[in-house]
Amino acid sequence: MRRQQLPVSAMIKQHLKEYSSIYLFVFVLFLMGVIFGAIIVNSMNLSQKEDLYYYLNRFFGQVAEGKVASAADMFHQSFFHNLKYLGLMWILGISIIGLPVILVMLFIKGMVVGFTVGFLVNQLGLKGFLLSFVTVLPQNILLIPAFIIMCSVAISFSLKIIRQLFVKKSSTLEAPLTLFMRYASVFVFIGVIALLASGFEAYASPFLMKNIVEFVSK
């Protein structure tokens, strides 16, 4: 007897309910990465902080003078960087043995966010918080959920494949092709989110950043 196809919304609810523990674990792992990144800032010596702050000031000067890459170049660079990162996570989910690498990649992503925000706040105080608010937060409002979803779906896909390989055939198991097509559709959806985030980072963030940099430089 053919299984009745559930609506997309019902499938999403069922997926979230079934794998809520995975999403919680992935979110906590990302949060630990953010905290670890912030801790690294505090563990840096004065010389390291001064070197980074020197390059940061040079970047601020370039932004204030408008000497930054064109919006189109920034868009392409940001989009393809995020897409390659997410794509690698997707491929590792198919490989099954790449699960630990996926978790490490997510942790590193959180660490980069935590370090960036932590360093700006550590060096510039409230002005650094405002700067991180317009340079780090906007695109990451979209990117962070995208990475968490991609990581969680990759893990759940691998678990389903393992079940297909080692559990006896059952009517409750889905066909491998169906699983793969659904997994591929998730990556397309995540790609659209990355596209929107890169567009904001390339076309809106530089304008916001320039105004904040002028305020920070005063």
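Me: Angles over 145 degrees between helix directions count as roughly antiparallel. In this predicted model, are α4 and α8 roughly parallel or roughly antiparallel to each other?
Reply: The axes of α4 and α8 are 8 Å apart, and the two helices pack at an angle of about 155°. That angle falls in the class over 145 degrees. The relation of α4 and α8 is therefore roughly antiparallel.

Me: Is the crossing of α4 and α8 left-handed or right-handed?
Reply: The angle of about 155° describes how α4 and α8 pack. The hand of a crossing depends on whether the near helix is turned anticlockwise or clockwise from the far one. For α4 and α8 the crossing is right-handed.

Me: How is α4 oriented with respect to α5, roughly parallel or roughly antiparallel?
Reply: Helix α4 covers residues 71–95 and helix α5 covers residues 99–124. Their axes come within 8 Å and cross at roughly 155°. With the limit at 145 degrees, α4 is to α5 roughly antiparallel.

Me: And which hand does the crossing of α4 and α5 have?
Reply: The axes of α4 and α5 cross at roughly 155°. Their crossing is described by its hand as well, and that hand is left-handed.

Me: How many helices are there in the protein?
Reply: Read from the N terminus on, the elements run α-α-α-α-α-α-α-α-α. The number of strands is 0, and the number of helices is 9.

Me: What percentage of the residues in the protein is buried?
Reply: A residue is buried if its relative accessible area is under 20%. The protein has 218 residues, and the buried share of them is 38%.

Me: Which elements give two or more residues to the nonpolar patch?
Reply: The patch lies on the surface and has about 910 Å² of accessible area together. Its residues include Phe129, Ile141 and Val192. The elements that give two or more residues to this patch are α6 (126–135), α7 (137–166) and α8 (176–203).

Me: Is Leu196 buried or exposed?
Reply: Leu196 is one of the residues of the nonpolar patch, and its place is in helix α8. Its relative accessible area is 52%. Exposed means over 50%, so Leu196 is exposed.

Me: Does Ala175 count as exposed or partly exposed?
Reply: Ala175 is in the loop between α7 and α8. Its relative accessibility is 40%. Partly exposed lies between 20% and 50%, so Ala175 is partly exposed.

Me: What distance separates the C-alpha atoms of Ala175 and Gln164?
Reply: Ala175 has its place in the loop between α7 and α8. Along the chain, Ala175 and Gln164 are 11 residues apart. Their C-alpha atoms are separated by 8.7 Å.

How values were computed:
Residues are numbered from 1 along each chain as its sequence is written. This is a predicted model: local features need pLDDT of at least 70, side-chain atom pairs count only at pLDDT 80 or more; totals for chains, interfaces and linings use all residues. Side-chain values use heavy atoms; hydrogens and water are left out. Patches are made of residues with over 30% relative accessible area and no salt bridge: like charges are joined within 9 Å, nonpolar side chains (Val, Leu, Ile, Met, Phe, Trp, Tyr) within 5 Å. Accessible areas come from the Shrake-Rupley method with a 1.4 Å probe; for residues, only the protein chains shown count as cover. A salt bridge is a side-chain nitrogen of Lys or Arg within 4 Å of a carboxyl oxygen of Asp or Glu. Helices (H or I, at least four residues) and strands (E, at least two) are DSSP runs, numbered from the N terminus. Buried means under 20% relative accessible area, exposed over 50%, partly exposed in between (1.4 Å probe, protein chains only). Axes are lines fitted to C-alpha atoms, for helices over the stretch in contact, and angles run from 0 to 180 degrees between N-to-C directions. Angles under 35 degrees count as roughly parallel, over 145 as roughly antiparallel, 65 to 115 as roughly perpendicular and the rest as oblique.
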